[in-house]
Amino acid sequence: MLEIKPSLEAIAYHHTNVSLIFDKIIDERIGARLLEVSTRKFLKRYKNILIKGKPELLLKVNQKFDLVVTSQNFENLKICFRDRGYKTQFQENYGKEFLEKLGIDTCVYCNRNYTIQLVENRARAELDHWFPKESYPILALSFYNLIPSCHSCNHIKHSNSPNGGWENALTNINHPYLEDKTATFSFSYFYSSINHPKIIIKSSSDKAKKSIEFSKIDKIYESQSSRELKDLLELRYKYSNNYLDILLNKTFTREFYMSKEEAYRMVFGIEINEEDYHKRPFSKFKKDIIEELLRSKQIPIARI
């Protein structure tokens, strides 16, 4: 999972436009007669927190709502926030530009696919709701609940709950907006034959392991990324032992005066700085594998 560090511009853009949507919900221009008076009072009081509160605060406000507002029809609440507020108002009018302001180009869960999807001949931002909008509808418009994703990862997560439930999810699995340097992982590989390599994911963090299991990142890469791994292995083992080193550290950087970042971008089409992984698909995966290959002295027994 990649970390998101939002710009002030993205936060301001979201707050300005979502405030307008909230006002329409509160004064019943959206969902007339669907919300109880107590619900509209609560929304008015906690409007700014619901729009730009951090994940921990969002969860607390949602829990408070469940305790304080007991007469609100839940299906009507979903119609207001999930259907009319998010899907009709936000996604249709602001979703794509919001994603552009956020500056996240690939899925933060898998880093394999881009976050823009073509729907009915137009570009649409693919945004996951970390706290699902089906269960947490009043968080459907919250900045820190909107996660740039791909359609596959969004679909995988759609109807699932992590172990321990969503009320404990911030403790148990990674949240893209919350930095946790201890909950990291790296891609690696194993093979008995270079024609059939296997991708493995290494981590000493229980939280990272739970995040990988919940998002099915290991399954996604195992089933759909073996060709990329095989290509990298062949570069390392089909040619001389130091071919990758010559290619990256001598040919491009010395002869063409490229930076290391430019060389990796030119040869492999990836970014090698962690804060830039999101700009190009497979950046983390390929960076991890290439670094391991550069360190490796092992030559496979099986012939290609």
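This is a quick tour of a predicted model, from overall confidence down to single residues. The protein has 14 helices and six strands, and of its 304 residues 49% count as buried. Confidence averages a pLDDT of 89, with 88% of the residues at 70 or better. Aromatic pairs get a good share of the space below, since the count comes to 24 of them by the ring-centre rule of 6.5 Å.

**Confidence**

- Helix H3 (residues 47-52) has the highest mean pLDDT among the elements, at 98.
- At the other end sits helix H12 (residues 243-255), whose mean pLDDT of 65 is the lowest among the elements.
- Take residues 299-304 with care: pLDDT stays under 50 there. For this stretch the model has 13 contacts beyond four places in sequence.

**Overall make-up**

- Take the contacts between residues at least 6 apart in sequence: 70% of them join residues at least 24 apart.
- The protein exposes about 15,500 Å², and carbon and sulfur atoms supply 47% of that.

**Aromatic pairs**

- Phe90 and Phe98 pair up edge-to-face, with 5.6 Å from centre to centre and 65° between the planes.
- Both partners are buried: Phe90 has a relative accessible area of 1%, and Phe98 comes in at 0%.
- Phe143 and Tyr177 make a tilted pair, because their planes stand at 45° with the ring centres 5.6 Å apart.
- That second pair links distant parts of the chain, 34 residues apart. Phe143 belongs to the loop between strand S3 (127-129) and strand S4 (146-148), and Tyr177 to the loop between helix H8 (169-172) and strand S5 (186-190).
- Phe143 is buried at 1% relative accessible area, and Tyr177 is buried at 9%.
- Ring pairs tie these four residues into a cluster that also takes in Tyr13, Tyr86, Tyr94 and Tyr144.

**Charges over rings**

- Arg112 places its charged end over the ring of Tyr221, 6.0 Å from the ring centre.
- Lys284 lies over the face of Phe185, and here the distance to the ring centre is 5.0 Å.

**Helix H10 and the turn before it**

- Tyr221, the ring under Arg112, is one of the buried residues of helix H10 (residues 217-224), along with Ile217 and Ile220.
- Looking down the axis of H10, the buried residues fall within an arc of 90°, so they line one face of the helix.
- Several elements cover those buried residues, including helix H7 (151-158), S5, strand S6 (198-202), helix H9 (206-215), helix H11 (226-237) and helix H14 (283-295).
- Lys216 is in the loop between H9 and H10. Its phi is positive, about 60°, although Lys216 is not a glycine.
- Lys216 is partly exposed, with a relative accessible area of 35%.

**Helix H13 and the loop after it**

- The buried residues of H13 (260-268) are Ala263, Tyr264 and Phe268.
- These residues cover an arc of only 95° around the axis, so they sit on the same side of H13.
- Just after H13 comes Gly269, which takes a positive phi of about 70°.
- Arg280 belongs to the loop that runs between H13 and H14, and it is partly exposed at 29% relative accessible area.
- Which residues does Arg280 contact, leaving aside its neighbours within four places in sequence? They are Thr106, Asn111, Arg265, Gly269, Ile270 and Glu271.
- Arg280 also illustrates a long reach along the chain: Ile104 is 176 residues away in sequence, with 9.7 Å from C-alpha to C-alpha.

**One more backbone feature**

- Arg33 is not a glycine, yet its phi is positive at about 65°.
- Its place is the loop between helix H1 (8-26) and helix H2 (37-45).
- Is Arg33 buried or exposed? Arg33 is exposed, with a relative accessible area of 74%.

How values were computed
Residues numbered from 1 in each chain as written. Predicted model: local features only at pLDDT ≥ 70, side-chain atom pairs only at ≥ 80, totals over all residues. Heavy atoms only, no water. pLDDT = per-residue confidence, 0-100. Helix = DSSP H or I, 4+ residues; strand = E, 2+ residues; numbered from the N terminus. Contact = heavy atoms within 4.5 Å. Phe/Tyr/Trp six-rings, centres within 6.5 Å; stacked < 30°, edge-to-face > 60°. Buried < 20%, exposed > 50% of the residue type's maximum accessible area, 1.4 Å probe, protein only. Lys NZ or Arg CZ within 6 Å of the ring centre and 35° of its normal. Arc of directions from axis to C-beta. Areas by Shrake-Rupley, 256 points an atom, 1.4 Å probe, with all protein chains shown as cover.
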